[in-house]
Number of protein chains: 2
Amino acid sequence: MKFCSQCASPVELLIPEGDNRPRFVCSGCGTIHYSNPNIVTGCIAERDDRILLCRRAIEPRRGLWTLPAGFLENHETVEEGAMRETLEEARARVDDLQLYALFSIPHISQVYMMFRARLLNDDFGPGSESLEVGLFGERDIPWREIAFPVIHETLEHYFEQRRHGRFTLVSGTIHKGGRAS
Amino acid sequence: MKFCSQCASPVELLIPEGDNRPRFVCSGCGTIHYSNPNIVTGCIAERDDRILLCRRAIEPRRGLWTLPAGFLENHETVEEGAMRETLEEARARVDDLQLYALFSIPHISQVYMMFRARLLNDDFGPGSESLEVGLFGERDIPWREIAFPVIHETLEHYFEQRRHGRFTLVSGTIHKGGRAS
């Protein structure tokens, strides 16, 4: 950030009075410009013992597989965002959403919220951001071609819990380089 | 938003190619400026059958009671943010955080994530944003002086589940006017 989005004056990085961390503050009108983490929300869309994966048509990680997910938009609930992304990326409708995984990725200031959900329609398929969409059982998952560490981690927990027949909320942190804790 | 934070040219509200909703786009350098919901994270800090509440020293809702909570900052995990806010507002240290409540407030583009946590220290007290901090049992909660509908809703579920001796994740939506669903 270089200029104030309200008055176009240059901004300075300084700690405002009563605050304890640097913010971009306008040298003209004094507006404080905050920057905060974004939420990525999406679904594990379930059909019997299989789940829906999408092969990415866009960068980053074009050609690799992921769960349908994307940035939560203003004026959406997290469930609405997860359903919208699933519809946009996989043309799949879902219901009965339950929060399954909560992962913070602090080095890129993102928080992932992934919901288990019931897949409703059979005519799913690639949206504009996907090359291919398919239903995968545990043995068919392309484990070495998963786009993001947070998705790999989510899927590992998911299938392990599935083998034990009981799902509980998974939460954790994804560190730079992909290590989870 | 009126001006580009990168080059100070005026921005226009339009739907970028490949997108499906209006964004502020710079008329000079073409930068697309996204705006997304913020996360508010905090704690239900437990000590035996009581929890910690703070009386707000700042607007909005100065003088009313709330759980310690605030905006997640960049490069924090949601648990770190909840612990930091609990320390800042109530000078209370906590551990053993477990996600308890997830509420979307779409009309103000906020997502609340409240964690149950164990209160560790006895020398808690008001931070700079609180007038007063105290431990409250269910019968002492100032129900008519709770600052925000999302906190009222969280506390209602919490004490009801507590009576039944079992906690499960609570999630929902807070609508304009305070109604929950």
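Student: How many bridges join strand 2 of chain B to strand 3 of chain B, and how do the two run?
Tutor: In this predicted model, strand 2 of chain B, residues 23-26, is joined to strand 3 of chain B by 2 bridges, and the two strands run antiparallel. Within that pairing, B:Val25 stands opposite B:Ile32 of strand 3.

Student: What's the strand order in the sheet, and is it open or closed?
Tutor: The sheet in chain B is open and consists of 3 strands in the order 1-2-3, with antiparallel pairing. Strand 1 (11-14) and strand 3 (32-33) of chain B each have a single partner strand and stand at the edges, so one side of each is left without a neighbour in the sheet.

Student: Switching to helix 1 of chain A, what span should it have?
Tutor: Helix 1 of chain A covers residues 78-90, and its 13 residues, at 1.5 Å a residue, should span 18 Å, which agrees with the 18 Å between its end C-alpha atoms.

Student: Which of its residues are buried, then?
Tutor: The buried residues of helix 1 of chain A include A:Val78, A:Gly81, A:Ala82, A:Met83 and A:Ala90, and among them are also the glutamates A:Glu79, A:Glu85 and A:Glu89.

Student: And what follows the helix?
Tutor: A:Arg91 follows helix 1 of chain A, and its phi is positive, near 45°.

Student: How does chain A lie on chain B?
Tutor: A turn of 180° with a shift of 0.0 Å along the axis lays chain A on chain B with an RMSD of 0.0 Å. The two copies are thus related as by a two-fold rotation axis. As for their contact, 100% of the interface residues of chain A are also interface residues in chain B, so the copies meet through the same surface.

Note on methods
Residues numbered from 1 in each chain as written. Chains lettered and ligands numbered in written order. Predicted model: local features only at pLDDT ≥ 70, side-chain atom pairs only at ≥ 80, totals over all residues. Least-squares fit on C-alpha atoms with pLDDT ≥ 70 in both. Contact = placed C-beta atoms within 7 Å. Pairing = 2+ DSSP bridges. Helix = DSSP H or I, 4+ residues; strand = E, 2+ residues; numbered from the N terminus. Expected span 1.5 Å × (residues − 1). Buried ≥ 20, exposed ≤ 12 C-beta atoms within 10 Å, placed from the backbone.
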